[in-house]
Amino acid sequence: MTDDAPRSSRAVVIGGGIAGITSALRLADAGLDVTLLEGRPRLGGLAFSFRRGELTVDNGQHVYLRCCTAYRWFLDRVDGARLAPLQNRLDVPVLDVGRPSGPRLGRLRRNALPVPFHLAAGLATYPHLSLAERAGVGRAALALGRLDPDDPALDAVDFASWLARHGQSPRTIEALWDLVGVATLNATAPNSSLALAAKVFRTGLLSAPGAADIGWAGVPLGEVHDTLARKALDSAGVRTELRTKASALTRTEDGGWIVDTGGERIEAETVVLAVPQRETHDLLPEGALDEPGRLLDIGTSPILNVHVVYDRKVLRRPFFAALGSPVQWVFDRTDASGLTGPGQYLAVSQSAADEEIDLPVAELRGRYLPELERLLPAARGAGVRDFFVTRERTATFAPAPGVGRLRPGARTRLPGLCLAGAWTATGWPATMEGAVRSGFSAADAALRALGRSHEHPLQEAA
């Protein structure tokens with residue numbers, strides 16, 4: 001097809017990550033002719049898999065919570081819920097190896113009582129905090145529950161300052177608040193907006209007894225976010241073009257849009273930009289946002305994953321979190337990766353990894369193998385069949401104080417142009433949940449502009 005004969009599509013979604021897939025599915029479900037463009041040779045954005053010898057490796061460990069209703073919709077929509085089950089009840093093993101008296105295992109878990117009593121028994125027996133610290137956590141949690149995450153004033157406050165004002169000791173922050181917060185926000189408390197921290201803890205811990213129950217894929221992420229997502233898109237009638245990047249976005253005289261990919265021009269009534277903020281900035285036509293430069297002020301935060309394949313089983317649990325160690329969270333990926341023969345494959349997930357993201361593999365090996373031996377006695381003397389690292393230098397937007405005023409909504413000032421991505425104004429940090437919610441918002445805005453009736457998918461699921 002030549003530039004003189006543009007292809008017609010009622011909607012074009014630029015970006016095949018979770019946000020873009022969601023937008024494309026919602027628009028197609030509403031009856032639109034949809035084209036989805038993705039520059040990579042696969043779908044899924046930064047939640048993907050790749051092959052390494054016999055292994056299928058996730059670029060990083062991704063989990064979700066029972067309160068992540070939008071991502072659960074996504075799993076159902078692509079027929080993947082069975083592949084990413086949830087815990088029956090929250091239960092997080094936490095191993096502290098920094099104690100002078102020796103390592104000690106504790107657990108963060110809930111019971112079936114109503115909020116807030118569902119966590120009281122677990123907190124009362126959590127051994128990594130003193131009795132006074134546990135009581136202080138309860139008081140701070142109740143105060144957190146009274147905050148409104150949508151209050152703009154909270155966005156300017158850092159979470160650490162708020163915790164200190166509410167009597168939280170450095171040990172409490174390390175052993176509880178940052179244990180959860182770093183993994184969900186991808187930032188430590190001093191570098192986290194109180195608004196986003198309040199959203200995480202209020203929704204995950206205080207909205208319902210089972211809200212924080214953890215789920216994760218028992219198969220490679222690519223099977224869910226690429227294979228099953230592509231099947232769902234195909235079934236919905238979406239034309240998906242991989243290895244195809246949008247190079248320009250132009251407004252037509254009649255109010256439509258031309259999307260130029262270099263090899264093709266696509267006419268559309270509506271366009272959803274579902275790519276990272278810097279790429280969005282480069283593609284935005286003049287006048288789309290009042291202050292487009294703000295997109296470039298949204299910082300990023302890295303995630304490092306260390307992958308170790310041992311010649312024997314060294315971990316009995318599916319995962320655990322660590323204290324008193326550089327190690328944050330460790331997951332058993334043996335079955336999901338397809339590892340055959342004796343051995344075990346562990347993935348060490350390191351969020352907010354600014355100081356380590358560019359370290360050489362040899363240095364990371366020298367740091368993490370001894371730490372895993374300190375945490376897991378069975379690893380001492382075990383052979384290492386493979387050791388490698390995956391790095392996402394711009395894994396998420398940085399949830400720093402003040403970021404809320406930088407995040408744009410789904411609608412732009414130009415009719416028919418909408419934005420999606422976890423970095424947009426979802427009210428959530430950069431999670432898979434936030435990505436799906438952004439896809440909902442962009443599709444809803446596009447359908448309203450087209451005068452198409454639609455029902456929000458979470459209302460349908462309620």
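Me: Which residue in E16 is the bridge partner of Asp 96?
Reply: This is a predicted model: local features need pLDDT of at least 70, side-chain atom pairs count only at pLDDT 80 or more, and totals for chains, interfaces and linings use all residues. Residues are numbered from 1 along each chain as its sequence is written, and side-chain values use heavy atoms, without hydrogens and water. Strand E7 (residues 91–96) runs parallel to strand E16 (residues 319–323), joined by 3 bridges. In E16, Asp 96 has as its bridge partner Leu 323.

Me: Which strands of the sheet does helix H7 touch?
Reply: Helices (H or I, at least four residues) and strands (E, at least two) are DSSP runs. H7 spans residues 170–185 and packs on the sheet. By contact (heavy atoms within 4.5 Å), H7 touches E7, E8, E16, E17 (329–332) and E18 (344–351).

Me: Which strands stand at the edges of the sheet?
Reply: The open sheet has 7 strands with mixed pairing (at least two DSSP bridges per pair). Their order is E8-E7-E16-E17-E18-E15-E19. Each edge strand has a single partner, so one side of it lacks a neighbour in the sheet; these are E8 (104–109) and E19 (384–397).

Me: How many residues apart in sequence are the parts tied together by Asp 58 and Arg 333?
Reply: Their side chains form a salt bridge (Lys or Arg side-chain nitrogen within 4 Å of an Asp or Glu carboxyl oxygen). The N to O distance is 2.8 Å. Asp 58 lies in strand E5 (residues 55–58) and Arg 333 in the loop between E17 and helix H12 (334–337), so the separation in sequence is 275 residues.

Me: Are Asp 58 and Arg 333 buried or exposed?
Reply: The classes rest on relative accessible area: buried is under 20%, exposed over 50%, partly exposed in between (1.4 Å probe, protein chains only). Both Asp 58 and Arg 333 are buried.

Me: What is the relative accessible area of Arg 107?
Reply: Arg 107 meets Asp 91 in a salt bridge at 2.9 Å, N to O. Asp 91 lies in E7 and Arg 107 in E8, so the pair ties parts 16 residues apart in sequence. Asp 91 is partly exposed at 22%. Arg 107 is also partly exposed, at 24%.

Me: What relative accessibility does Asp 358 have?
Reply: Asp 358 forms a salt bridge with Arg 393 (2.8 Å, N to O). Arg 393 is in strand E19, and Asp 358 is in the loop between E18 and H13, 35 residues apart. Arg 393 is partly exposed at 46%. Asp 358 counts as exposed, at 55%.

Me: How many salt bridges does a search of the whole structure find?
Reply: Arg 66, Arg 110 and Asp 213 are joined into one network by salt bridges that share partners. Across the whole structure, the search gives a count of 22.

Key
Axes fitted to C-alpha atoms, helices over the stretch in contact; angles between N-to-C directions.
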